[in-house]
Every structure is written in structure tokens, then in C-alpha cells.
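Good morning, colleagues. I should like to take you through one model this morning, moving from its pairwise interactions to its pocket and then to a few individual residues.

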Amino acid sequence: MQTFLVFLYRLLYFICETYSLLIIIDAFMSWIPAISESAAGRWIDRIVNPFVNLFRQGPILRLIYATGIDISPMIALFVIYFVQSVALGWLFSILGRIFL
């Protein structure tokens, strides 16, 4: 059971890392329209935008309209970092106590 929990932890950590990388790539691609309108750009957009759009509401949306600066990818990265560093460790320490 311990090896399964370690595998699951590493898998979830890898998924968070990969998704963070896709958010960063999408943010840089938004500066170059030719790249963001390519097939790969549209594919990354479809994967990243549902999560990032959660943070494009309320005061952040007003900030985007007022300044033209979209900080929602940074907020999404902070949330993923929190999940990686705090929530995953906390969850798997509890699961380790229960099952081991």
C-alpha cells in the first residue's frame, strides 16, 4: 500500500507540474498571435483556459480592462503551487496514517 501511495503522490505532483508548465506556455503564447492561433496553441488554450478563467472574474476582470494586464495565470500558478506544496503533503500524510 505504501508504494501505491508514493506512486499516486508522485503522479499528482507530476500532473500539477505539467499543468503549471502549460499555463506558463499559454501566457507566453498569448503575446504572439501566430503561435497562439496554431493548432498546438488552440489545444493548450482549451486545456488551460477553464482553470485560468476561474480567476478572471470580479476585481481581476476590472483590472484587466483598466490596465490590459492579465494576472489570472499568476494566481492560477499560486493555487497550483499551494496544492502541490501544502494540500498534497497534508492529504498524503493523513492517508499514510490511515492505511499504514
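**Ring pairs, a salt bridge and a pocket**

At 48% relative accessibility, Phe28 counts as partly exposed. Please keep in mind that this is a predicted model. The partner of Phe28 in an aromatic pair is Trp31. Trp31 has a relative accessibility of 65% and therefore counts as exposed, the threshold being over 50%. The geometry of this pair is edge-to-face, with 5.3 Å from centre to centre and 85° between the planes. The angle explains the label, because planes over 60 degrees apart count as edge-to-face.

How many aromatic pairs does the structure hold? The count is five. Ring pairs also join Tyr9, Tyr13 and Phe92 into a cluster, and I shall return to Tyr9 shortly.

Let me turn to the charged side chains. The number of salt bridges comes to one. Its members are Arg56 and Asp70, whose closest N and O atoms are 2.8 Å apart. This pair qualifies because the cut-off for such a nitrogen and oxygen is 4 Å. Where do the two residues of the pair sit along the chain? Arg56 belongs to the loop between α3 (39-52) and α4 (59-67), while Asp70 belongs to the loop between α4 and α5 (72-99). The two residues are 14 residues apart, and the pair links distant parts of the chain.

Are these two residues buried or exposed? Neither term applies: Arg56 is partly exposed, with a relative accessible area of 22%, and Asp70 is likewise partly exposed, at 30%. For Arg56, the limit that matters is 20%, because buried means a value under that figure.

Asp70 brings us to the largest pocket, which holds about 380 Å³ of space. Its lining is made up of 19 residues, and those closest to the centre are Asp26, Ala27, Ser30, Asp70 and Pro73. Thus Asp70 takes part in the salt bridge and also belongs to the lining of the pocket.

Which helix gives the most to this lining? That helix is α1, with six residues. At least two lining residues come from each of α1 (2-29), α3 and α5. Sorted by class, the lining comprises 12 nonpolar, three polar and four charged residues.

I close with three individual residues. Tyr9, a member of the ring cluster, lies in helix α1 and is partly exposed, at 28% relative accessibility. Setting aside residues up to four places away in sequence, Tyr9 touches Gln84, Leu88, Gly89 and Phe92. Tyr9 and Gly89 are 80 residues apart in sequence, yet their C-alpha atoms are 8.4 Å apart in space.

Leu12 is also found in helix α1, and its relative accessible area of 30% makes it partly exposed. Beyond its neighbours within four places in sequence, Leu12 is in contact with Leu88 and Phe92. From Leu12 to Gln84 there are 72 residues in sequence, with a C-alpha to C-alpha distance of 8.3 Å.

Phe78 is placed in helix α5 and counts as exposed, at 58% relative accessibility. What is the C-alpha separation of Phe78 and Phe92, which are 14 residues apart along the chain? The separation is 20 Å.

Thank you for your attention.

How values were computed: Residues numbered from 1 in each chain as written. Predicted model: local features only at pLDDT ≥ 70, side-chain atom pairs only at ≥ 80, totals over all residues. Heavy atoms only, no water. Helix = DSSP H or I, 4+ residues; strand = E, 2+ residues; numbered from the N terminus. Buried < 20%, exposed > 50% of the residue type's maximum accessible area, 1.4 Å probe, protein only. Phe/Tyr/Trp six-rings, centres within 6.5 Å; stacked < 30°, edge-to-face > 60°. 1 Å grid on protein atoms, 1.4 Å probe; cavity = no way out; pocket = protein on both sides within 12 Å on 5 of 7 lines; lining within 4 Å. Points joined across faces, edges and corners; volume = space filled by probe spheres on them. Nonpolar A, V, L, I, M, F, W, Y, C, P; charged D, E, K, R; others polar. Contact = heavy atoms within 4.5 Å.
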